[in-house]
Amino acid sequence: MENVRARDIAEAVGGRLLCGDPETLVENISIDSRTMKGRDLFVPIRGVKVDAHRFIPGAFAAGAAATFTSEDEEKEDSHPWIRVDDTVRALQALGAWYRARLTLPIVGITGSVGKTTTREMITAALSAGKRVYSTHGNSNGQLGVPLTISEADLSAEVTVLEMGMSEPGEMSRIAAIARPQIAVVTNIGVSHIENLGSRENICREKLHITDFFGPEDILIFNGDDDLLPAWRDNGRFRTVSFGQGPENEYRAEDIHQEGGRTCFTVRAGERTLALSLGVPGLHNVMNALAALAVADQCGVDMDAAAAKLAEFHGFDRRLQVFAENGYTYIDDTYNASPDSMRAALQVLAETPTAGRRIAVLADMLELGPDAPEYHRQIGAYAAKLPVDAVFLVGELAKNIGRGLEETGRSAVYCENNRDAAERVRAWRRPGDVILLKGSNGMHLGEVLAALRDGKREKQ
C-alpha cells in the first residue's frame, strides 16, 4: 500500500484508534506474525483452535507498524492499535477501500476446475502487451483477495485475481472487494457441492462475480459448459464465450498432439492462428482459449499473446510431466475433483510411452453425500482408457475400484501412502508412465517423493 496512514485505516474500516500516532505509515498487511515485510498492519484472525491476538506482541517485534484488535477497548502503546468488531470483516473493508483507490482494471477468475492454471495463462498472455500484477500462490478467498489487492503494483496496467469460493455468500463478499471489470468462469463442476447442494447452486454462487458489473464489463465463459451459456445475452453486461462449439466467439479446432505438444487452431471471428502448448490436456486448450479471449478484449495482439502461451510450462503439482531415472511422472497431486480426475486420466492415456501406464489415485474430498458415486464413475471412466494398473489410496477411492470391477477390470487397494509407494515400486519397470492424482488432503506427494527416491529401488 502507498501513502496509507493508521488514521486512514481506522476511518476506512469504521474502527477506533486506541493509541499510537495516527500518522504512522502502513505499507503492508499481514495475517501471519512470522512473515512481516516491514511497516505491516497485523490482522489477528480468531480461528477454531488459535486466536492470533496473542501473537500481536510478536508481530510488533518482527516489524509490524500497527494492529487490528477485536479484544481491547483501551490500550496504551506507542504502536497504533485499531479497535474493530471483527478483524476479518475489517480486513475485507480495508481491501475494498484500497480497491477504490486503484484505477487499473481487474480480471477476476473463478470456476470449479483450472482457476490457478488459467490465471497463470492469462497473466502470460497479457504480458505480451501490458504490465501485469497477479495473485500469488493460493490467495484467492475472503482473506487472500484483500491481501492481494493491498499489494497491487501501482505501475501495472492490469491486475489478474483468482477468486475462489466454497460456501454460500462467499463470492458476493469477494466481488464486493475486488469489483472486477472482466470475469472469467472456467467451468461448473461439483467441487464444494457438499456445501452448496447442487451444480446449479454452484453456478449461481460463482456468477456473483458479476455483482458489480456495468454494461461495458465483460463475462468470459466456457461456452461448452452445460450451465454457463444461459448467461449469454443477459442484458446487464457483455458476454464472450470460448470452447469448441461453433457458437463460441473463440474456438479451438484441429486439436492434436505433435512432438509432445498440444497443437490446435484458434478461430476468433475472421481471425485464425496456430497455437502449440507445452502443457498437456484438452482442459489446457480451454484455459488457453480463455487467456487469448482476455488478452484480445484487453487490446493485446493475439499472435503475441499466443507466443507467450507457447512458452508456458505449467504450474507446480498441476499435471507436471517430467522424466526421471527411466520413468515418466505426471504430478497432479495439488487437488482433485471428478472433472480434473478425468482430465488427468486422459492425459495419462495420451502420454507416449514405451512401457505401461500406471494411475495412483486417492480420495476426492468435499463432494458431499454423492461422493461414492462420483468415485465409482471415475473407475468406469478409467476402465475405458489404456491404463495398465490402478493403485488406490483412501476409503472413498475404493469406489473407483468398484467402477473398474463392474467392467471386469481390477485395482490394487493400498492401506496408506507408504503402502502405495511400496506396491508401485515393486510393480513398475523402466519406461512406465505414472500418474499421481488426489485431493491435497490425501498428500499423494508423499508417494511421488518415495518413488523418486532410488535408494530402495527393486528391479
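**Notebook: rings, a buried strand and its sheet**

I looked up tyrosine 327 first; at 2% relative accessibility it counts as buried, because the cut-off for buried is under 20%. I note that I am working on a predicted model.

Tyrosine 329 came next. With a relative accessible area of 1%, tyrosine 329 is buried too, because the value falls under 20%.

**Aromatic pairs**

I searched the whole structure for aromatic pairs and found six. One of them joins phenylalanine 213 and phenylalanine 237, with 5.2 Å centre to centre and 85° between the planes, and is edge-to-face. I then checked where the two residues lie in the chain. Phenylalanine 213 is in the loop between α8 (199–206) and β12 (218–222), while phenylalanine 237 is in the loop between β12 and β13 (238–243). They are 24 residues apart, and the pair links distant parts of the chain. Buried or exposed, phenylalanine 213 and phenylalanine 237? I find both buried.

Tyrosine 327 and tyrosine 329 also form an aromatic pair; I read 6.4 Å centre to centre and 50° between the planes, which is tilted. I followed the ring pairs further and reached a cluster of Phe322, Tyr327 and Tyr329.

**Charges over rings**

Which charged end sits over the ring of tyrosine 327? I find that of arginine 428, 4.0 Å from the ring centre. I noted another case at phenylalanine 212, where the charged end of arginine 179 sits over the ring, 4.0 Å from its centre.

**Strand β8**

I went through β8 (residues 106–110) residue by residue. Five of the five residues are buried, so the strand is largely enclosed by the rest of the structure. I checked the side-chain directions against the usual rule: in a regular strand the side chains alternate between the two faces of the sheet. Ile106, Gly108 and Thr110 point one way from β8, Val107 and Ile109 point the other way, and all are buried.

I then looked for the partners of β8. It pairs with β10 (residues 158–162) in the parallel sense, over four bridges. In that pairing I find isoleucine 106 opposite threonine 159 and valine 107 opposite valine 160. β8 also pairs with β11 (residues 182–185), again parallel and over four bridges. Here glycine 108 stands opposite alanine 183.

**The sheet**

I traced the pairing outward from β8. Nine strands form an open sheet, and I read the order as β9-β10-β8-β11-β12-β13-β14-β15-β16, with mixed pairing. Which are the edge strands? They are β9 (132–134) and β16 (271–277), each of which pairs on one side only. Neighbouring strands of this sheet are turned by 20° against each other on average, direction ignored.

I also looked for what packs on the sheet and noted helix α10 (residues 302–310). α10 touches β14 (250–258), β15 (261–268) and β16, and its direction makes about 10° with that of β16.

**Helices α1 and α3**

My last entry is on α1 (residues 6–13) and α3 (residues 87–101). I find them packed at an angle of about 105°, with their axes 8 Å apart. I therefore enter α1 as roughly perpendicular to α3, because 65 to 115 degrees counts as such. For the residues that meet, I list Asp8, Ile9, Ala12 and Val13 from α1, and Ala90, Ala93, Leu94 and Trp97 from α3.

Terms used. Residues numbered from 1 in each chain as written. Predicted model: local features only at pLDDT ≥ 70, side-chain atom pairs only at ≥ 80, totals over all residues. Heavy atoms only, no water. Phe/Tyr/Trp six-rings, centres within 6.5 Å; stacked < 30°, edge-to-face > 60°. Helix = DSSP H or I, 4+ residues; strand = E, 2+ residues; numbered from the N terminus. Buried < 20%, exposed > 50% of the residue type's maximum accessible area, 1.4 Å probe, protein only. Lys NZ or Arg CZ within 6 Å of the ring centre and 35° of its normal. Pairing = 2+ DSSP bridges. Axes fitted to C-alpha atoms, helices over the stretch in contact; angles between N-to-C directions. Contact = heavy atoms within 4.5 Å. Parallel < 35°, antiparallel > 145°, perpendicular 65-115°, else oblique.
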